[in-house]
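Me: I am new to this structure and would like a close look at a single part of it. Please take one strand and go through its surroundings step by step.

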Amino acid sequence: MHQRLLIIFNQGLEFLKKYWYFIVIGLIFAFALSFRLETYLFNRQLWYDEAALASNFFEHSGFFWVFKHLNHCQMAPPLFLACVKFLISVFGKSDIVFRFLPFLSSILSVFVFYKLSKTFLKSKAVIILANFLFAVNFSLIFYGSEFKQYSSDVLIFMLVLLWLSKQNLENITYKKVLAYNFLFTLFFLISQPTIFLLFGFLIFNIIKNYKNSKIYLIPILPLIIVLTYKISMPQELVMGMKQYWQFAFISNDTFLNIIKENLNFFFLHIKCLKFLSPFIFIGFIIFIFKNKTNIARILLFSLLGALFANILHIYPLVQRLILFTFPFIIIFISYCIDFKILSKKFNNIILITIVFFVLLFLCLFQAKAICKDRTNMTFGLISARNIALILKDNFDNKKDILLVPSSNRIYYNFYANILGLNIGKGSIVEFEEAAALNKTLNTINKNKDYWIFLTSCFSTKSIEPYVKKELKTNKDLLVIYKIEFTSLKNYPSYLYKIMFIK
């Protein structure tokens with residue numbers, strides 16, 4: 001019996017020795033997928049921008065509206081919206097269906113990044129480290145279940161870059177020029193950052209063969225689409241984008257601001273990894289001088305194009321808008337230690353250290369000892385859905401009036417449509433911020449009962465104290481009941497029902 005166990009043990013050791021790399025990579029995949037699945041199945045409620053974007057699906061009919069400008073100062077690639085439109089036409093409108101495409105993109109990104117990391121990195125230990133960093137990045141996990149295009153931007157940017165690295169324009173024909181025009185237009189319509197890859201791809205090939213006139217014809221159709229899109233952008237959207245240009249790279253101060261802002265975003269909720277920050281810049285410099293491959297050159301020229309777009313106020317490189325660069329930031333970090341040491345013993349020590357650190361960190365991350373509040377998802381729990389459910393069960397269209405701050409109207413519209421909450425237009429009174437509430441209360445029908453809907457962080461902090469004060473000082477008002485949702489401690493939500501004392 002003892003000998004048999006020894007044989008099994010030795011066989012197990014041989015198996016681990018032979019397949020250790022695939023076992024570790026498999027574990028990283030398993031953890032990465034579980035983190036993303038956990039966040040998706042948590043089914044948190046839509047945040048303001050998500051609800052604003054999703055409301056367009058109730059306010060437009062057919063499919064072609066996806067190519068027009070969106071309501072509520074929103075932007076999203078038309079083909080991304082078309083894919084979501086198809087999903088909700090099949091599976092119905094719900095939070096989890098709206099988020100399915102970003103979630104699917106985040107899942108596929110795990111495997112595509114593995115392919116990308118093997119393209120850029122040589123050492124198995126460093127590939128393990130890179131895939132680990134991709135697996136636990138909070139922003140990649142978070143936007144993998146947010147109804148915005150940022151998760152699909154990550155996936156498509158990696159896929160298109162891998163595809164471009166295999167393209168050769170030396171003997172290009174007019175037929176291929178037309179095909180590239182069509183494909184890059186298609187890429188832009190599903191993920192805007194791919195236009196930077198077109199820039200990088202063209203610069204790379206023009207430097208190689210500037211005399212080939214056909215290369216200059218490739219960007220004609222994509223540029224027409226981009227310029228048309230930019231010129232026809234509504235003024236309210238142009239004004240809304242101004243908040244991002246405070247980070248434009250135009251001076252030393254703003255350059256430092258954008259670096260600080262984006263580093264904080266990259267290490268969001270995993271501050272224990274901030275010690276890796278210097279490696280981003282060191283790895284980037286090493287990458288520029290050491291990696292002479294086609295894919296590396298195309299990538300560097302593409303990032304240069306993104307920087308130009310930021311300087312020219314075309315595409316801001318800040319926070320969630322740079323999520324498509326995260327795989328490459330991770331590559332740059334990993335590149336710092338992607339070299340061979342002659343001493344086999346020292347190599348083994350580094351390998352064992354990295355694998356031990358990775359597996360320990362993954363377990364601590366899974367147990368929420370690290371990144372404790374990731375399931376709260378920071379701004380996710382705003383309770384609009386809960387309030388809409390209460391209104392659906394208790395609101396009386398004949399004798400009740402709903403008071404909604406303007407900034408909360410997006411939430412109300414979305415969840416009213418999702419949950420089938422039918423409150424007539426005549427029963428809803430919209431008011432501006434806190435100062436307008438008193439005027440509203442003095443001009444409404446005092447024979448009605450009133451609900452006050454407060455669930456947006458943009459207004460709750462200013463309006464709720466005013467409501468509380470008004471209800472205390474106005475002796476004609478009686479609070480029938482008040483519900484407070486505090487799942488998100490910084491931005492609690494409230495639902496009041498009040499009546500006038502006759």
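Reply: What follows is a look at strand 1 and its neighbours, with a few other places added at the end. The model is a predicted one.

Strand 1 covers residues 400-405. It is mostly covered, with 6 of its 6 residues buried. The side chains leave the strand in two directions: Asp400, Leu402 and Val404 point one way, while Ile401, Leu403 and Pro405 point the other way. Residues of both sets are buried.

Strand 1 has pairing partners. With strand 3, residues 449-454, it pairs in the parallel sense over 4 bridges. Within that pairing, Leu403 stands opposite Ile452 of strand 3. Strand 2, residues 428-431, also runs parallel to strand 1, and 4 bridges join the two. Here the bridge partner of Leu402 is Ile428 in strand 2. Between strand 1 and strand 2 the chain passes through helix 19, residues 409-419. This β-α-β crossover is right-handed.

Two other places can be set beside the strand. Thr325 sits in the loop between helix 15 (294-311) and helix 16 (326-335). Thr325 counts as buried because its relative accessibility is 13%, and the cut-off for buried is under 20%. A polar atom of the Thr325 side chain lies 2.6 Å from the backbone oxygen of Ile322.

The other place is on the surface. Phe63, Phe64, Phe67, Phe86, Val90 and Phe91 make a nonpolar surface patch of about 730 Å². Of these residues, Phe86 is placed in helix 3, residues 78-91.

Conventions
Residues are numbered from 1 along each chain as its sequence is written. This is a predicted model: local features need pLDDT of at least 70, side-chain atom pairs count only at pLDDT 80 or more; totals for chains, interfaces and linings use all residues. Side-chain values use heavy atoms; hydrogens and water are left out. Buried means under 20% relative accessible area, exposed over 50%, partly exposed in between (1.4 Å probe, protein chains only). A polar contact is a pair of N or O atoms within 3.5 Å; within protein, one must be able to donate a hydrogen and the other to accept it, and residues adjacent in sequence count only if both atoms are side-chain atoms. Patches are made of residues with over 30% relative accessible area and no salt bridge: like charges are joined within 9 Å, nonpolar side chains (Val, Leu, Ile, Met, Phe, Trp, Tyr) within 5 Å. Accessible areas come from the Shrake-Rupley method with a 1.4 Å probe; for residues, only the protein chains shown count as cover. A salt bridge is a side-chain nitrogen of Lys or Arg within 4 Å of a carboxyl oxygen of Asp or Glu. Two strands pair if DSSP finds at least two bridges between them. A crossover is right-handed if, with the strands pointing away from the viewer, the path from the first strand over the helix to the second runs clockwise.
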